[in-house]
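Here is a short, friendly tour for anyone meeting this structure for the first time. Take a look at the sequence and the model, and then we'll walk through a few spots together.

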Amino acid sequence: MRVLVVEDDEILSNGLAVGLGMSGFSVEVAQTCDEARAGLRAGGFDAVVLDLMLPDGSGLDILSELRSARSILPVLLLTARDAVEDKIAGLDAGADDYLGKPFDLDELAARLRALMRRGAGRASSTLDWRSIVIEPASLTVTQAGCPVRLSRREFSVLHALMERPGVILSKGQIEEKLYGWQEDIESNTVEVHVHHLRAKLGAETIETVRGLGYRMGGTGT
């Protein structure tokens with residue numbers, strides 16, 4: 001669950017990165033419109049948290065550019081401008097949700113999970129495959145009803161694969177869920193996490209499709 005936070009207040013953006021990270025999100029921060037555009041060009045995000053008042057322009061410009069490009073990326077506006085007319089303008093411009101400052105971090109995390117769930121066409125908050133169940137809100141995984149302890153990045157890899165059951169995800173697509181666009185990527189990171197997941201969940205859980213990537217193995221429930 002990779003999120004781009006566009007917020008020029010450094011204290012707030014750092015707090016969002018830490019807080020949302022504790023809720024299972026992988027967060028990238030942009031503090032200007034130009035940085036936001038660079039991040040969006042790099043791609044790989046599941047949602048955007050967007051402030052309206054930025055040093056080099058308005059968040060609405062970023063939103064307008066996304067929608068003009070036919071992007072359906074979920075966007076949540078997070079701003080102190082929470083008058084009714086501001087909310088209407090933001091939603092009519094293509095925002096999917098709106099949260100005024102100050103806000104509750106748990107509510108923001110819940111709203112983001114709901115946006116991602118709707119964007120993926122799912123009604124349930126849980127993901128299940130065979131006997132494996134993921135609860136994104138609590139960052140828990142069970143197999144046949146028994147809890148399975150995963151690292152944050154192991155959880156992210158499993159979540160990415162279970163979110164699109166039957167679909168082959170390339171190594172690059174999985175790496176996008178684990179790293180920011182400015183981070184160095186270790187060449188064998190995905191392989192290591194897949195190896196650990198197989199050790200914990202069963203060798204047949206994740207299938208390697210030679211030359212293409214990975215997908216959940218066998219058939220789901």
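Before we start on the pockets, one bit of vocabulary: helices are DSSP runs of H or I with at least four residues, and they are numbered from the N terminus. Keep in mind, too, that this is a predicted model.

**The second largest pocket**

Let's begin with an open space. The second largest pocket holds about 200 Å³. Its lining is made of 13 residues, and L139, T140, V148, L150 and F155 are the ones nearest its centre. Which elements build that lining? Strand 10 (140–143), strand 11 (146–148) and helix 6 each put in at least two residues. Helix 6 has the largest share of the lining, with three residues.

**Two nonpolar cores**

Helix 6 turns up again inside the protein. As a general point, nonpolar side chains in soluble globular proteins tend to be buried together. Here, the largest nonpolar core has 22 residues, and the members touching the most others are L158, L161, M162 and I174. At least two residues apiece come from strand 8 (127–129), strand 9 (132–135), helix 6 (152–163), helix 7 (171–178), helix 8 (189–201) and strand 13 (213–216). Helix 6 gives the most, with six residues.

What does I174 touch, once neighbours within four places in sequence are left aside? The list is V157, L161, L169, V190 and Y214. There is also a second, separate core, with 18 residues that include A36, L66, L73 and L77.

**Two buried residues**

Is G90 buried or exposed? G90 sits in helix 4 (residues 84–92), and its relative accessible area is 0%, so it counts as buried. Not counting residues up to four places away in sequence, G90 touches L60, L63, L77 and A95. L77, one of those contacts, is also among the members of the second core. For a sense of spacing, the C-alpha atoms of G90 and P55 are 18 Å apart, with the two positions 35 residues apart along the chain.

S26 belongs to strand 2 (residues 26–30). Its relative accessible area is 9%, and because buried means under 20%, S26 counts as buried too. Leaving out neighbours within four places in sequence, S26 is in contact with M1, R2, V3, R152, K177 and L178.

R2, one of those contacts, has something else going on: its charged end sits over the ring of F45, 4.2 Å from the ring's centre. As for rings pairing with other rings, the structure holds zero aromatic pairs.

**Backbone oddities**

Now for some backbone angles. Two residues that are not glycine have a positive phi, and here they are side by side:

| Residue | Phi | Loop | Relative accessible area |
|---|---|---|---|
| R70 | about 70° | between helix 3 (59–68) and strand 6 (75–79) | 75%, exposed |
| R130 | near 55° | between strand 8 and strand 9 | 36%, partly exposed |

Why does R70 count as exposed? Exposed means over 50% relative accessible area, and R70 is at 75%. R130, at 36%, is partly exposed. The loop holding R130 runs between strand 8 and strand 9, and each of those strands supplies at least two residues of the largest core.

One more spot to find: where is the cis peptide bond? It joins K101 and P102, with omega at about -5°. P102 lies in the loop between strand 7 (97–100) and helix 5 (105–119).

Key. Residues numbered from 1 in each chain as written. Predicted model: local features only at pLDDT ≥ 70, side-chain atom pairs only at ≥ 80, totals over all residues. Heavy atoms only, no water. Phe/Tyr/Trp six-rings, centres within 6.5 Å; stacked < 30°, edge-to-face > 60°. Lys NZ or Arg CZ within 6 Å of the ring centre and 35° of its normal. Core = buried A, V, L, I, M, F, W, Y, C linked by side-chain atoms within 4.5 Å. Buried < 20%, exposed > 50% of the residue type's maximum accessible area, 1.4 Å probe, protein only. Contact = heavy atoms within 4.5 Å. 1 Å grid on protein atoms, 1.4 Å probe; cavity = no way out; pocket = protein on both sides within 12 Å on 5 of 7 lines; lining within 4 Å. Points joined across faces, edges and corners; volume = space filled by probe spheres on them.
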